[in-house]
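Thank you all for coming; I would like to walk you through one structure this morning. Please have a look at it on the screen before I start.

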Amino acid sequence: QVLLRESGGGLVQPGGSLALSCAASGVTSDYYGIGWLRQAPGKEREGVACIVSSDGSTEYSDPVKGRFAISRDNAKGTVYLHMNDLKRGDTAVYYCVAFYLSCFSDYDGWGQGTQVTVSS
């Protein structure tokens, strides 16, 4: 069973930084990768970042490229999302998920998420 627990959200001013953590268990090598989705009020869920299980390569959605960085610590079973130069449009609930076949494809492990609010 895949269990993913997000933490680290909060309130930050525009231009600020925030780091999210995802404690992962049960994510076997059968999964393509782990990543982050987000959902803002009234908007559809969208992919944010993904790290591939086999080689640690990363993928990002266009809105966050150059500002967000995903990384992992295999020893701790944790995936991180470092967010810089945050914008109001980044306000959303962020969810950590395990992708089955490719980044931003079908996924498993949808949890409670962590709220990120970018506001002055």
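Which residue in E8 is the bridge partner of Asp73? It is Thr78, and I start there because strands here are DSSP runs of E, at least two residues long, numbered from the N terminus. Before going on, I should say that this is a predicted model, in which local features need pLDDT of at least 70 and side-chain atom pairs count only at pLDDT 80 or more, while totals for chains, interfaces and linings use all residues. Residues are numbered from 1 along each chain as its sequence is written, and side-chain values use heavy atoms, with hydrogens and water left out.

Let me turn to the sheet. E7 and strand E8, residues 78–83, pair in the antiparallel sense over 6 bridges, where pairing requires that DSSP finds at least two bridges between two strands. They belong to an open sheet of 4 strands, ordered E1-E3-E8-E7, with antiparallel pairing. At its edges lie strand E1 (3–7) and strand E7 (68–73), each of which pairs on one side only.

Now to the interior. The largest nonpolar core, meaning buried Ala, Val, Leu, Ile, Met, Phe, Trp, Tyr and Cys residues joined through side-chain atoms within 4.5 Å, with buried meaning under 20% relative accessible area for a 1.4 Å probe and protein chains only, has 27 residues, and Phe68, Ile70, Leu81 and Met83 are among those that touch the most other members. E9 gives the most to this core, with 4 residues. A second, separate core of 6 residues includes Leu37, Cys50, Val52 and Val97.

Notes:
Buried means under 20% relative accessible area, exposed over 50%, partly exposed in between (1.4 Å probe, protein chains only).
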